Amino acid sequence: MYYFTYDPWIGKLLYLEDFYVTEAYRGLGIGAEMLKRLSQVCIAIISQCNCMHFLVVIWNQASTDYYTRRGALDLSSEEGWHLFRFNRKELMEMAWEE
């Protein structure tokens, strides 16, 4: 579901792969809880990641809007995908949200 990678300009980052909540379970806070746990001390923060990257298919406007509302930056839309990043500030906010 996730792995660590390194960018020479950013440093260590957490990359999410196949982050998906099935339609029947959307709106229950499962995605938010998963992002919170990935951001917390157990994964991104304790591993000293500077950001989190993941892809969203370009036609999935609901997901694009969701991540944007949470503070993710849309880095590109090449080849029909949006590349998003949560910076350390957003990781810290998600890690400790109630």
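What follows is a short chat about side-chain pairs, charges and backbone angles in a predicted model.

Biologist: How many disulfides does a search of the whole structure find?

Modeller: Zero. Keep in mind that this is a predicted model.

Biologist: Why is Cys 49 not bonded to Cys 51?

Modeller: The two sulfurs are 7.8 Å apart, and that is too far for a bond. A disulfide needs the sulfur atoms within 2.5 Å. For Cys 51, the nearest cysteine sulfur is that of Cys 49, so Cys 51 is in no disulfide.

Biologist: Is Cys 49 buried or exposed?

Modeller: Buried, at 0% relative accessibility. Cys 51 counts as buried too, at 1%.

Biologist: Switching to rings. How many aromatic pairs are there?

Modeller: Eight turn up across the whole structure. One of them joins Phe 54 and Phe 86. Their ring centres are 5.7 Å apart. The planes meet at 35 degrees, so this pair is tilted.

Biologist: Where do Phe 54 and Phe 86 lie?

Modeller: Phe 54 is in strand E3, residues 51–57. Phe 86 is in strand E5, residues 81–87. The pair therefore ties together parts that are 32 residues apart in sequence. Both Phe 54 and Phe 86 are buried.

Biologist: And what about Tyr 66 and Tyr 67?

Modeller: They form an edge-to-face pair. The centres are 5.4 Å apart, with 70 degrees between the planes. Tyr 66 is partly exposed, at 25% relative accessible area. Tyr 67 is buried, at 6%.

Biologist: Which residues do ring pairs link into a cluster?

Modeller: Phe 19, Phe 54, Tyr 66, Tyr 67, Phe 84 and Phe 86.

Biologist: What sits over the ring of Phe 4?

Modeller: The charged end of Lys 12, 4.5 Å from the ring centre.

Biologist: On to charges. How many salt bridges are there?

Modeller: Three. In one, Arg 37 joins Glu 33, with the closest N and O atoms 2.9 Å apart. Both residues are in helix H1, four residues apart, or about one helical turn. Arg 37 is partly exposed at 49% relative accessibility, and Glu 33 is partly exposed at 32%.

Biologist: Which residue does Glu 93 bridge to?

Modeller: Lys 89, at 3.0 Å between the closest N and O atoms. These two lie in helix H4, again four residues apart. Glu 93 is partly exposed, at 44%. Lys 89 is exposed, at 55%.

Biologist: Which salt bridge involves Glu 97?

Modeller: The one with Arg 70, at 3.0 Å from N to O. This pair links distant parts of the chain, 27 residues apart. Arg 70 is in the loop between helix H3 and strand E4. Glu 97 is in the segment after helix H4.

Biologist: What is going on with Lys 36?

Modeller: Lys 36 is buried yet has no salt bridge. Glu 33 is its nearest side chain of opposite charge, 4.6 Å away. A salt bridge needs nitrogen and oxygen within 4 Å, so that gap is over the limit. Lys 36 is found in helix H1, residues 30–39. Leaving aside neighbours within four places in sequence, its contacts are Met 94, Ala 95 and Glu 97.

Biologist: Last topic, the backbone. Where is Asp 18, and what is its phi?

Modeller: Asp 18 is in the loop between strand E2 and H1. Its phi is near 55 degrees, a positive value in a residue other than glycine. Most residues other than glycine have a negative phi. Asp 18 is exposed, at 69% relative accessible area.

Biologist: And what is phi for Gln 48?

Modeller: Near 60 degrees, also positive. Gln 48 lies in the loop between helix H2 and E3. Gln 48 is exposed, at 60%.

Technical notes. Residues numbered from 1 in each chain as written. Predicted model: local features only at pLDDT ≥ 70, side-chain atom pairs only at ≥ 80, totals over all residues. Heavy atoms only, no water. Buried < 20%, exposed > 50% of the residue type's maximum accessible area, 1.4 Å probe, protein only. Phe/Tyr/Trp six-rings, centres within 6.5 Å; stacked < 30°, edge-to-face > 60°. Lys NZ or Arg CZ within 6 Å of the ring centre and 35° of its normal. Lys, Arg positive; Asp, Glu negative; His and termini not counted. Contact = heavy atoms within 4.5 Å.
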